[in-house]
Structure formats: structure tokens, C-alpha cells
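Thank you for sending this model for comment. My remarks are set out below as numbered points, to be read beside the sequence and the coordinates.

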Amino acid sequence: IPVRIVEAPAGRESWRKPRGNLSEKGNEELLKRYESASANKSDFDSKLTNVATALGAAAKTVALKGRARAEQKVAAEYSGDASQMRDILRGAIEAKDAGGAAEAAARVEKEFKVVRRKDAPKDSGYRDINLTVQMPDGSLAEIQILTPAIAKVKSGGGHALYSRWQK
């Protein structure tokens, strides 16, 4: 499986501008999170790609989470506490199958410091492995390990279905 890399246009740092959904303290904390994510992105993407390549899987590196979405998430899921954000810096590995997903998770655990692992199948049939990793500066990032079927639903216009299915 080839490595797929998706990047934002160079110089795109719209995350620096608050959208008005958080308190001043929340905005300051979120800005710190974005600055750390931005500083760690190259190393994170490189390690993620190396893990995927070693397994014959596909790596998906993406731009930092959009500021508007991050503010919505902080307000809705973390009661305004931006220090809880774990997925400003994020990426995914598309494994060949469920066994490959388990192998990818084990490999990620060797390359990164994993501080949270979520691997619980849902009644809907949805399953992925979601790992929160700690970067050398203490900031957090998220790695999703997906099977091909879930990756297809998530990336192919079915993201709304994927979001519902995930719950």
C-alpha cells in the first residue's frame, strides 16, 4: 500500500486567529497547543510514516486541526478547558486488516510514548484503535489506526456516517 501524504498549503497558519468561542485563558492555552503541534509536526509525520512503511501500511498525515473545529470541540467536549485537546496534531495508519491494525498499534507503542489507548469495538460494528501519544516536549498528538473498510467510509464522503458510527 503506498504512503499517502496530505498537507496544508505552505504558510497556512490560520490557527493563530481566535474565532471567539473561548475565554481569553482558553484561547491562550489553545494557542500554546497549536504552537507545540506545529513545532512537532515534522517529527511526528516522519515517525508515523516510518511505522506505516515498515508494515506495508499507508500513512496519512494531515494538516493541524482547524481552529474553528478545535474551539467547537473544546467548548462542547471539554467544558472550555483547552488543555484537554489531544488531536490538534494527528495522523492515521491504514492497516491491511484487523491483524495489521494490532501490529501497527504495537509498533506505534515502540516509536512513541503512548499515554492513552482506546480500542473498544462498538455495537455498530465500528472499530479502530485510537492512540494518544506524548511528544518529547510533553504535548499530545493522536494516531488512529484504521482497517481499510473504516478508512474508506471515513475518507469517502461518508465522514458524517463515520462520526455517527464511531459513537
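The points below go from the overall layout to the helices and then to three single residues.

1. The model is a predicted one, and the remarks that follow should be read with that in mind. The chain contains five helices and six strands, and their order along the sequence is β-α-β-α-β-α-β-β-β-α-α.

2. Of the 167 residues in the chain, 39% are buried. Among the contacts with a separation of 6 or more, 63% are between residues 24 or more positions apart.

3. Which residues of helix α2 are buried? In this helix, which spans residues 67-77, they are R67, A70, E71, K73 and V74. Viewed down the axis of α2, these buried residues lie within an arc of 160°, and they therefore line one face of the helix. The general background is that an α-helix has 3.6 residues a turn, so residues three or four places apart point the same way. The cover over the buried residues of α2 includes α1, which runs over residues 24-55.

4. The packing of α1 with α3 deserves its own point, and two packed helices are described by the angle between their axes and the distance between the axes. Here the axis of α1 and that of helix α3 (residues 98-111) come within 10 Å and cross at roughly 140°. Because an angle over 145 degrees would be needed to count as roughly antiparallel, α1 is classed as oblique to α3. The crossing in which α1 passes α3 is right-handed.

5. On the side of α1, the contact with α3 is made by K47, V51, A54 and L55, while α3 contributes E103, A104, R107, V108 and E111. Sorted by class, the residues of this contact are five nonpolar and four charged, with no polar residue.

6. What is the phi of S79, and where does this residue lie? S79 comes just after α2 and takes a positive phi of about 50°, although S79 is not a glycine. The residue belongs to the loop between α2 and β3. With a relative accessibility of 74%, S79 counts as exposed, since the cut-off for that class is over 50%.

7. I88 also deserves attention, and its place is in the loop between α2 and β3 (90-94). Is I88 buried or exposed? Its relative accessibility is 4%, so I88 counts as buried, the limit being under 20%. Setting aside neighbours within four places in sequence, I88 is in contact with L30, R33, Y34, A37, L64 and K65. I88 and R67, which are 21 residues apart in sequence, have their C-alpha atoms 8.8 Å apart in space; R67 is among the buried residues of α2 listed in point 3.

8. A92 lies in strand β3, and with a relative accessible area of 8% this residue is buried. Which residues does A92 touch, not counting those up to four places away in sequence? They are L48, A58, A59, K60, Q144 and L146. A further pairing worth checking in the display is that of A92 and D45, which are 47 residues apart along the chain and whose C-alpha atoms are separated by 9.8 Å.

Technical notes. Residues are numbered from 1 along each chain as its sequence is written. This is a predicted model: local features need pLDDT of at least 70, side-chain atom pairs count only at pLDDT 80 or more; totals for chains, interfaces and linings use all residues. Side-chain values use heavy atoms; hydrogens and water are left out. Buried means under 20% relative accessible area, exposed over 50%, partly exposed in between (1.4 Å probe, protein chains only). Helices (H or I, at least four residues) and strands (E, at least two) are DSSP runs, numbered from the N terminus. The arc is that of the directions from the helix axis to the C-beta atoms. Contact means heavy atoms within 4.5 Å. Axes are lines fitted to C-alpha atoms, for helices over the stretch in contact, and angles run from 0 to 180 degrees between N-to-C directions. Angles under 35 degrees count as roughly parallel, over 145 as roughly antiparallel, 65 to 115 as roughly perpendicular and the rest as oblique. A crossing is left-handed if the near helix is turned anticlockwise from the far one by less than a right angle, and right-handed if clockwise. Ala, Val, Leu, Ile, Met, Phe, Trp, Tyr, Cys and Pro count as nonpolar, Asp, Glu, Lys and Arg as charged, and the others, Gly among them, as polar.
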